[in-house]
Amino acid sequence: MRVAVYPGSFDPFTNGHLDILKRAAGIFDHIIIGVLVNPAKSCLFSPEERVEMISEVIKPFENVRAIHFNGLLVDFCQKVGACAIIRGLRAVSDYEYEMQMFSVNNRLSSEVETVFLMSSPKFSFLSSSIAKEVARYGGDVTGLVPENIQSAMLAKFADI
Ligand code: ADP
């Protein structure tokens, strides 16, 4: 069975992430969305909230589940028996960072391959940060994030 990890902050999960996920789920037997717990990065949603929201979105997919992790990505891959890491590429601006991540992960474990999927053009402008900026100032995020995440963002910003 070919298992892949799709890692990220997913703060929050967007329709761009969903697009990559759907395509990856058609290639691999099983996908594990690894929600990164990074104490150095201040996130809008807690790792538990992010996993819960993503789990709601991925209900229709039988071969996908979401869990949070901390520590090294390659260690997480080994723990869950993944042979690949999925990453999405939007623009040239993603390239340098992704190259760096690939190089370090490959150095740490050459057994785990990184697979890059190009963003669909309609999502190439979309990031979690853009979705948060729009929602923060009361803009309509329909089409940018799944419905349950839209409500969760509205509730979060109403609280702040
Ligand atoms: P990270 O903090 O690890 O970059 P993100 O949650 O921002 O985590 O992104 C996770 C992955 O999803 C990355 O590979 C990123 O390039 C990809 N991604 C983010 N937004 C999009 C999008 N709109 N289309 C395709 N891939 C995307």
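**Exercise 1. Find which residue of strand E3 stands opposite Ile-32, then work out the sheet around that pair.**

*Solution.* Let's begin with the pair itself: Ile-32 stands opposite Arg-65 in E3. Keep in mind as you look that this is a predicted model.

Step 1. Widen the view to the two strands. Strand E2 covers residues 30–36, and its pairing with E3 is parallel, over six bridges.

Step 2. Now place both strands in the sheet. Five strands make up an open sheet, in the order E3-E2-E1-E4-E5, with parallel pairing. At the edges are strand E3 (64–69) and strand E5 (113–118), each of which pairs on one side only. From one strand to the next, the twist averages 30°.

Step 3. Add the helices that pack here. Helix H2 (residues 47–57) lies across E2 and E3, and runs at about 175° to E3. H4 also packs on the sheet, where it touches strand E4 (84–89) and E5. The direction of H4 makes about 170° with that of E4.

**Exercise 2. Describe the pairing of strand E4 with E1 and with E5, and decide whether E4 is enclosed or open.**

*Solution.* Take one neighbor at a time.

Step 1. E1 and E4 run parallel and are joined by two bridges. For Val-5, the bridge partner in E4 is Ile-85.

Step 2. Turn to E5, which pairs with E4 in the parallel sense over six bridges. Here Ile-86 stands opposite Val-115 in E5.

Step 3. Check the burial. Five of the six residues of E4 are buried, so E4 is largely enclosed by the rest of the structure.

**Exercise 3. Which parts of the structure does the salt bridge between Lys-132 and Asp-11 tie together? Set this salt bridge beside the one between Arg-23 and Asp-19.**

*Solution.* There are seven salt bridges in the structure, and we will walk through some of them.

Step 1. In the salt bridge of Lys-132 with Asp-11, the closest N and O atoms are 2.9 Å apart. Lys-132 belongs to helix H5 (residues 128–136), while Asp-11 sits in the loop between strand E1 (3–8) and helix H1 (15–25), so the pair ties together parts that are 121 residues apart in sequence.

Step 2. Residues count as buried under 20% relative accessible area. Lys-132, with 14%, is therefore buried. Asp-11 is buried too, with a relative accessible area of 4%.

Step 3. Now look at Arg-23 and Asp-19, whose closest N and O atoms are 3.0 Å apart. Both residues lie in helix H1, four residues apart, which is about one turn of the helix. Arg-23 is partly exposed at 32% relative accessible area, whereas Asp-19 is buried at 15%.

Step 4. For further practice, try Asp-94 and Arg-90, whose side chains meet in a salt bridge with an N to O distance of 3.0 Å. Asp-94 counts as buried at 13% relative accessibility, and Arg-90 counts as partly exposed at 37%.

**Exercise 4. Name the residues that form a nonpolar patch on the surface with Leu-108, and place Leu-108 in its helix.**

*Solution.* This one is quick.

Step 1. The partners of Leu-108 in the patch are Leu-72 and Val-104, and the three residues together have about 250 Å² of accessible area.

Step 2. Leu-108 is part of helix H4, which covers residues 92–108.

Step 3. Patch residues need over 30% relative accessible area. Leu-108 is partly exposed, with a value of 46%.

Definitions and conventions:
Residues numbered from 1 in each chain as written. Predicted model: local features only at pLDDT ≥ 70, side-chain atom pairs only at ≥ 80, totals over all residues. Heavy atoms only, no water. Patch = residues over 30% accessible without salt bridge, like charges linked within 9 Å, V, L, I, M, F, W, Y side chains within 5 Å. Areas by Shrake-Rupley, 256 points an atom, 1.4 Å probe, with all protein chains shown as cover. Salt bridge = Lys/Arg side-chain N within 4 Å of Asp/Glu carboxyl O. Buried < 20%, exposed > 50% of the residue type's maximum accessible area, 1.4 Å probe, protein only. Pairing = 2+ DSSP bridges. Axes fitted to C-alpha atoms, helices over the stretch in contact; angles between N-to-C directions. Contact = heavy atoms within 4.5 Å.
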